[in-house]
Amino acid sequence: MQIKSLHKNIYRLSTYSLSQQKCEEHRKKCEPSVQKWRKIKAAGRADAFCQTIVGISRATYCRYETILKQLDKGIPPPTRRPYINIP
């Protein structure tokens, strides 16, 4: 007997594990900056001081914080692939 294809759950597992791996990459990228920002902000410093110490802008901090909240909910970050509308 020849196996021509694998069960569909094998392919689903592969896709799921890749998405989880990408989520962990985003978490590793965003989490240290957000934690530093929160620590400095808890000390009572201004946003401009946080920007110089952490190295990211306030808008980037808000973006990273949103990404981390969505990752906690299980929502993967949006793809960075360009959308091409082909007629």
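**Close-up 1. Serine 33, a buried residue in a predicted model.** At 15% relative accessibility, serine 33 counts as buried, because the cut-off for that label is under 20%. This is a predicted model, so keep that in mind for every view here. Serine 33 sits in helix 1. Leaving aside residues up to four places away in sequence, serine 33 touches Val54, Ile56 and Tyr64. Tyr64 turns up again in Close-up 4, in the lining of the second largest pocket.

**Close-up 2. Cysteine 23 and cysteine 30, with no disulfide.** How many disulfides does a search of the whole structure find? The count is 0. For cysteine 23, the nearest cysteine sulfur is that of cysteine 30, and it is 11 Å away. Cysteine 30 is likewise in no disulfide, with the sulfur of cysteine 23 as its nearest cysteine sulfur, 11 Å off. A pair needs its sulfur atoms within 2.5 Å to be called a disulfide, so this one doesn't make the cut. Are these cysteines buried or exposed? Cysteine 23 is buried, at a relative accessible area of 11%. Cysteine 30 is buried too, and its relative accessible area is 1%.

**Close-up 3. The largest pocket, with Cys23 in its lining.** This pocket has a volume of about 260 Å³. Which residues line it? From the earlier part of the chain, look for Ser19, Lys22, Cys23 and His26. The rest of the lining is Pro76, Pro77, Pro78, Thr79, Arg80 and Arg81. Sorted by class, that gives 4 nonpolar, 3 polar and 3 charged residues. Cys23 is the cysteine from Close-up 2 with a relative accessible area of 11%.

**Close-up 4. The second largest pocket, lined in part by helix 1 and helix 3.** About 190 Å³ of space lies in here. Its lining is made up of His26, Lys29, Thr60, Arg63, Tyr64, Ile67, Pro77, Pro78 and Arg80. Two elements give two or more residues to that lining: helix 1 (8–42) and helix 3 (58–73). Which helix gives the most? That would be helix 3, with 4 residues. By class, the lining splits into 4 nonpolar, 2 polar and 3 charged residues. If some names look familiar from Close-up 3, that's because His26, Pro77, Pro78 and Arg80 have an atom within 4 Å of a point in each pocket, the cut-off for a lining residue. Tyr64 links back to Close-up 1, where it is one of the residues that serine 33 touches.

Technical notes: Residues are numbered from 1 along each chain as its sequence is written. This is a predicted model: local features need pLDDT of at least 70, side-chain atom pairs count only at pLDDT 80 or more; totals for chains, interfaces and linings use all residues. Side-chain values use heavy atoms; hydrogens and water are left out. Buried means under 20% relative accessible area, exposed over 50%, partly exposed in between (1.4 Å probe, protein chains only). On a 1 Å grid over the protein atoms alone, a cavity is a set of points where a 1.4 Å probe fits but cannot get out, and a pocket is an open set with protein on both sides within 12 Å along at least five of seven lines; lining residues have an atom within 4 Å of a point. Grid points are joined across faces, edges and corners, and a volume is the space filled by probe spheres set on the points. Ala, Val, Leu, Ile, Met, Phe, Trp, Tyr, Cys and Pro count as nonpolar, Asp, Glu, Lys and Arg as charged, and the others, Gly among them, as polar. Contact means heavy atoms within 4.5 Å.
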